[in-house]
Amino acid sequence: MTKTVFIETYGCQMNEYDSELVRSILKKENYEIVTDELGADIVMLNTCTVRDNADRKVVNRVHEIKNRRKPDPVLVGILGCMATNFKTKLLEDPNLGIDFIAGPDSYKQLPKLISEVTQSGDKSFDITLSEFETYSDISPSRDEGVNAWIAIMRGCNNFCTFCVVPYTRGRERSRDPESVVDEVKRLVSAGFHQVTLLGQNVNSYRHDATDFADLMAMVSDVPGVERIRFTSPHPKDFPSKLLRLMADRPNICKQIHLPLQAGNTRVLDKMNRTYTKDEFLALVDEIRATIPGISFSTDIIVGFPTETAEEFEDTVDVVRRVRFDSAYIFKYSERPNTLAARRLKDDVSEEEKTRRIVVLNELQRAISLEKNRDYIGRVERILIEKDSTKKSDMDCQGRTDSNRIVIIPKSDYRIGDWVTVTITDATPNVLKGMPI
Ligand code: SAH
Ligand code: SF4
Ligand code: F3S
């Protein structure tokens, strides 16, 4: 009998992509993917463990699933970064009752893991990390829409001292450029308008002599690719060759996610980020000089161990000077086994972390609003990606090249349409527009 599987995804875009791979792997083995958890024989949670609250969310969810399905048991599997971070400890916890776990490099083993559990009743696991697995031979089972994710490299060798990702996803490895280009061609034929190249350090991509800029050029040359984005890059890998290419190619979006993490050079050194405050600012200047109109988003951590209130002011200073278009700001969360956890005490109080995150969020909100208000009156070409919004069925939503959301009256636009609009209003997070 066909077994039904429900997959829920947490964490970053790489996990979204991996869930598409898992769906494809399971469909080939005759599993049916369902969208209702209650109707599923097997529930899989593709998990994130980057901060403590990500773990807690999943643990609560497992309890909820198990409780709701009493007395009929349901098989529950944990995929993704919690699997490689906590390993078999997850299976040993009797309160959780998890049946199998699979890490990010073990998804081809899932059919085997599931049949082991169903046949023997014993728990099963595969959490080995690979130096080679890129899943380039698997065509992900994608959701319909405007954008398709493509992982071009996996893993991370940077070992930022706060970060668990190098332990959960293993070493860096890049896909053969030909396989990426072939996939992009197939995506264009399937009607996707945008591709987003993914990697934990996407711009550290290297396959033999092909570097990230070379690959971007190859992807940009594929006829019919309307928009190309990429995430997440590391500030250490932005050679001017890449910046010039971005400036020259109309189908490469003028938007960069440039994770700052902290503004103080001593703290950046303790984080092992490999750049100073001044180097970060100089990079921003160089990018702005080469690619006029570029938009920046960033990630920031407040309250890294030993960060003083005065050092935090350097982060505030960088945020004021760069004026990022948007920012994701996090409180430092100690992750077991990372270098920071082993060497440094989590010594900034919760209260002080809250104070710092509030300061930065307020500052960033004001900057985002000012920058968005600058758009009022401008004419923008947007690509429609949703036929309704959270608030209204009468509106639809698209994005500018700079990745800003624009809400417009629905009319008879379809997902994938290009619409030229005048921007009429702005909040810190969205723009409103009128088609012209
Ligand atoms: N590879 C990506 C990001 C991975 S995690 C990159 O290098 O940009 C996404 C973000 O989570 C990071 O940029 C960082 O800001 C945040 N983060 C990672 N570890 C964290 C921790 N221990 N505590 C708080 N935030 C963390
Ligand atoms: Fe984590 Fe740093 Fe690697 Fe990003 S670059 S995944 S923050 S170790
Ligand atoms: Fe989370 Fe793993 Fe992505 S820890 S942020 S799901 S790489």
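These are my notebook entries on ring pairs, charged pairs and ligand surroundings in a predicted model.

**Entry 1, aromatic pairs**

I began with the aromatic rings, and the structure holds seven pairs of them. I looked up Phe159 with Tyr167, whose ring centres lie 5.4 Å apart with the planes at 80°, so I entered this pair as edge-to-face. The angle decides that label, because planes over 60 degrees apart count as edge-to-face. For the surroundings I noted that Phe159 is partly exposed at a relative accessible area of 24%, and that Tyr167 is partly exposed too, with 27% relative accessibility.

Next I took Phe212 and Phe230, where the centres are 5.2 Å apart and the planes stand at 70°, so this pair is also edge-to-face. Here I wanted to know which elements the two rings belong to: Phe212 is in helix α8 (residues 212–221) and Phe230 in strand β13 (residues 227–231), 18 residues apart, and the pair thus links distant parts of the chain. I then checked the accessibility of both, finding Phe212 buried at 2% and Phe230 buried at 5%.

I also wrote down a cluster, in which ring pairs link Phe162, Phe304 and Tyr332.

**Entry 2, charges over rings**

I turned to arginines placed over ring faces. Arg51 lies over the face of Phe330, at 3.7 Å from the ring centre, and Arg378 lies over the face of Tyr375, at 4.1 Å from the ring centre.

**Entry 3, salt bridges**

How many salt bridges does the count come to? I recorded 35, and I then looked up several of them one by one.

For Arg56 I found a salt bridge with Asp52, in which the closest N and O atoms are 2.7 Å apart. Both residues lie in helix α2 (residues 52–68), where they are four residues apart, about one turn of the helix. Arg56 is partly exposed at 48% relative accessibility, and Asp52 is partly exposed as well, with a relative accessible area of 31%.

The side chains of Arg175 and Glu183 meet in a salt bridge at 2.7 Å, taken from N to O. When I asked whether Arg175 and Glu183 are buried or exposed, I found that both of them are buried.

In the salt bridge of Lys277 with Asp317, the closest N and O atoms are 2.8 Å apart. This pair links distant parts of the chain, since Lys277 is in helix α11 (residues 277–290) and Asp317 in helix α12 (residues 309–322), 40 residues apart. I checked the two ends separately: Lys277 counts as buried at 12% relative accessibility, whereas Asp317 counts as partly exposed at 24%. The 20% limit on relative accessible area, under which a residue counts as buried, is the cut-off I needed here.

Beyond single pairs, I noted a network of salt bridges in which Glu8, Glu37, Arg61, Glu64 and Arg68 are linked.

**Entry 4, around ligand 1**

There are 14 residues around ligand 1, and those that come nearest are Arg51, Gln200, Gln261, Asp299 and Ser333. Arg51 was already in my notes as the residue over the face of Phe330. I then looked for contacts with the protein backbone and entered three of them. A nitrogen atom of ligand 1 is 2.7 Å from a polar backbone atom of Gln200, a nitrogen atom of the ligand is 2.8 Å from a backbone N or O atom of Ser333, and for a polar backbone atom of Phe162 the distance to a ligand nitrogen is 3.0 Å. Phe162 is also a member of the ring cluster with Phe304 and Tyr332.

**Entry 5, around ligand 2**

Which residues are around ligand 2? I listed Cys156, Asn158, Phe159, Cys160, Phe162, Cys163, Val165, Pro166, Asn201, His234 and Arg273. Sorted by class, this shell has seven nonpolar, three polar and one charged residues. Phe159, which I had met in the edge-to-face pair with Tyr167, is one of the residues around ligand 2.

**Entry 6, Asp99**

Last, I looked up Asp99, which sits in the loop between α4 (89–92) and β5 (100–102). Asp99 counts as buried, with 14% relative accessibility, and a polar atom of its side chain lies 2.8 Å from the backbone nitrogen of Val76.

How values were computed
Residues are numbered from 1 along each chain as its sequence is written. Chains are lettered from A and ligands numbered from 1 in the order in which they are written. Side-chain values use heavy atoms; hydrogens and water are left out. Rings of Phe, Tyr and Trp (its six-membered ring) pair if their centres lie within 6.5 Å; planes under 30 degrees apart count as stacked, over 60 as edge-to-face and the rest as tilted. Buried means under 20% relative accessible area, exposed over 50%, partly exposed in between (1.4 Å probe, protein chains only). Helices (H or I, at least four residues) and strands (E, at least two) are DSSP runs, numbered from the N terminus. A charge sits over a ring if NZ of Lys or CZ of Arg is within 6 Å of the ring centre and within 35 degrees of the ring normal. A residue is near a molecule or strand if one of its heavy atoms lies within 4 Å of it. Ala, Val, Leu, Ile, Met, Phe, Trp, Tyr, Cys and Pro count as nonpolar, Asp, Glu, Lys and Arg as charged, and the others, Gly among them, as polar. A salt bridge is a side-chain nitrogen of Lys or Arg within 4 Å of a carboxyl oxygen of Asp or Glu. A polar contact is a pair of N or O atoms within 3.5 Å; within protein, one must be able to donate a hydrogen and the other to accept it, and residues adjacent in sequence count only if both atoms are side-chain atoms.
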